[in-house]
Amino acid sequence: MNVAALATPSAHGWVRQIAGPVHRVLKVLFSVLLTFLGLTCVTFVIGRVIPIDPVLAIVGDKAPPDVYARVRAEIGLDLPLPVQYWRYLMKVLHGDFGNSVITSQPVLADLLHVFPATLELSLLALIIGVIFGVPIGVIAATHRGRWQDQVIRFGSLLGYSMPVFWLGLVGLLAFYAKLGWVEGPGRLDVGFDDIVPTVTGLIVVDSLIAGEHDVFVNALSHLVLPASILGYLSLAYVARMTRSFMLSQLRQEYVLAALAKGLSPFRVVWVHALGNAWVQLITVIALTFGSLLEGAVLTETVFAWPGLGLYMKNSLFNADLNAVLGGTMLVGVVYIGLNMLSDLLYPLVDPRARESS
Amino acid sequence: MSDAPLLTVRNLRVVYPSDEGDFRAVRNVSFTLGRERLGIVGESGSGKSTTGRAIMGLVPEPGRVEADLLRLGDTDLRTLNERGFRKLRGKRIAMVLQDPKYSLDPVMTVGRQIAETHRHHFRSSAKQARAAALEMLEAVHIRDPERVYTQYPHQVSGGMGQRIMIAMMLIAGPDLLIADEPTSALDVTVQHQVLAIMDEQVRKRGMGLILISHNLHLVSSFCDRVLVMYAGQIVESCKAAHLSEAQHPYTRGLLAALPELGHRRLVLPQLQRDPAWLEDVAPLTDATP
């Protein structure tokens, strides 16, 4: 047996090398599956307890009792709850969320149509939040208690506490109405609609692919204000978290050791301490992205941005239950996906997470 | 030149201002160090680590360092700014910390951390620094340097971690090494191994060593001279071999409290602290030899 083991050392090493990551991915997938089941339970229960009668929505309140009963049986509401849940789960797995009452289209088609707009908005907001938020947080930590820190802390507190719709309105008033630096509400000016073919659904990207320079400029000009306002909110959060992670890292012994070997404070802070802070920051950034997606509701309403937030708002106000539950499911799935992503990204920045226990 | 002491410290004071008045962490500490091994012993908070950090220029704010004389070779450390200290650290003075689990950056391979010191001080290429780091790993008796080079701190044992730390601190060839409790976090069996490696390097390179420890046995067996600190002051200074003849009641109390192999004592004598020990020792003046 020893001889056999010696004869195939490469195979052994290969198996061992691949076993760790595979095991980890399987573990993550299993937890994703459980979370997804939990999510469907929640949306199912919400759908049942909400005081909206789906039968009434179809037949109207003047329908005779026998019609009511027939429709009720048709959509399966007379079946026992577990069976209903099973049917619901099967439908969801096939991407069937029912039809929307307002648009009378399948909810899934609606969601696929509006989601890229939200994705575009929140992606840019996240990029702004991370690119500025992380360095700002680091500077606040290294200048703890001095004026830089005070200014940053005040600024992020402002970002925290300012209502986003108010900020949006003020932003529109200043930069669109008065200064005319940016375009107003919507994703594109009317004349630019339907010029570029949809590839990713992100107009900024699609217009670049199509080589439509004017569309790109117009889209970016529409995008920049709402994205900056959302970005400011995520910046505030990211900067605050970065500051506190950095403060705890800067107290570590390895920082003292790095200084003792003569490194510049710049390198110690930005390479060693920040390198360690990233481990914690990954989760924060993933969750920030999630909250940007759902937090876009108010921003999208103010900016008439045809995304998930606006769609959900309209559905809620019109008691369009299928659309609301579908949207909720989508946000939930995105959250799960982001969590999974951050779990899988950990090992990239933290060598300690590379070995599965 | 070679006769001149490596380090001259006269009336070193480290003060932390606070709302309830200044806290004097180190009070008028004076000593000189040649190319020898000097031990500093004392209990927690006696100022021994702070003394080491003051020499490195690493006393955290708002701490203040003052001295009548603080010279490393012919460099006056008192007039040095942060930039000046940075050139010294690693290159002329280096420091080994207590626990390699915390004093090595957990997300960087140990090889890169050693090479980093080399690159920084010699502006060397990545290749040269790597070669130097591998050589250094071999010098601290690491058997498979190539493999260890690519490992992360959590993958190496405590003893190995401390050897890596020594390699990282000695690669730029400092004259003086301050070892702050270098073996306290290690298993007893590994302690001697690590000390022996440190000793070998210090001798080979003709360096000065300050060994800071609370372990009397260790210091007296390993060092040439011993300073005993209490409440921020040196209360006793003697040859390590003559530690058993120490005069100060604090040192005597510590020695009396040491457990001995073979003599089983049910009760160790308690250290009776005399408030008089806290009183300021007269600072050195030019008149004192």
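**Chain A domains and the contact with chain B**

The domain assignment splits chain A into domain 1, residues 34-94, and domain 2, residues 107-353. Keep in mind that this is a predicted model.

I'll start with how the two domains sit. Their C-alpha centres are 36 Å apart. Where they meet, 10 residues of domain 1 of chain A are in contact with 7 residues of domain 2 of chain A. Which helix gives the most to the domain 1 side? That is α2 of chain A, residues 9-49, with 6 residues. By class, this side of domain 1 has 7 nonpolar and 3 polar residues, and no charged ones.

Next, a helix in chain A. Helix α6 of chain A covers residues 107-142, which is 36 residues. From first C-alpha to last it reaches 49 Å, close to the 52 Å expected at 1.5 Å a residue. There is a kink in α6(A), of about 30 degrees, at Val114(A). The proline Pro116(A) follows shortly after that kink.

Now to the other chain. On the chain B side, 24 residues are in contact with 19 residues of chain A. Four elements of chain B give two or more residues to that side: β7 (93-96), α3 (100-103), α4 (110-122) and α7 (158-170). The largest share comes from α4(B), and it amounts to 3 residues. How many residues of each class are on this side of chain B? There are 13 nonpolar, 6 polar and 5 charged residues.

To set the two contacts next to each other: the side of domain 1 of chain A that touches domain 2 has no charged residues, while the side of chain B that touches chain A has 5.

Definitions and conventions
Residues are numbered from 1 along each chain as its sequence is written. Chains are lettered from A and ligands numbered from 1 in the order in which they are written. This is a predicted model: local features need pLDDT of at least 70, side-chain atom pairs count only at pLDDT 80 or more; totals for chains, interfaces and linings use all residues. The expected span of a helix is 1.5 Å times one less than its number of residues. The bend at a residue is the angle between axes fitted to the seven residues ending there and the seven starting there. Two residues are in contact if their C-beta atoms, placed from the backbone, lie within 7 Å. Ala, Val, Leu, Ile, Met, Phe, Trp, Tyr, Cys and Pro count as nonpolar, Asp, Glu, Lys and Arg as charged, and the others, Gly among them, as polar. Domain bounds come from an automatic or database domain assignment.
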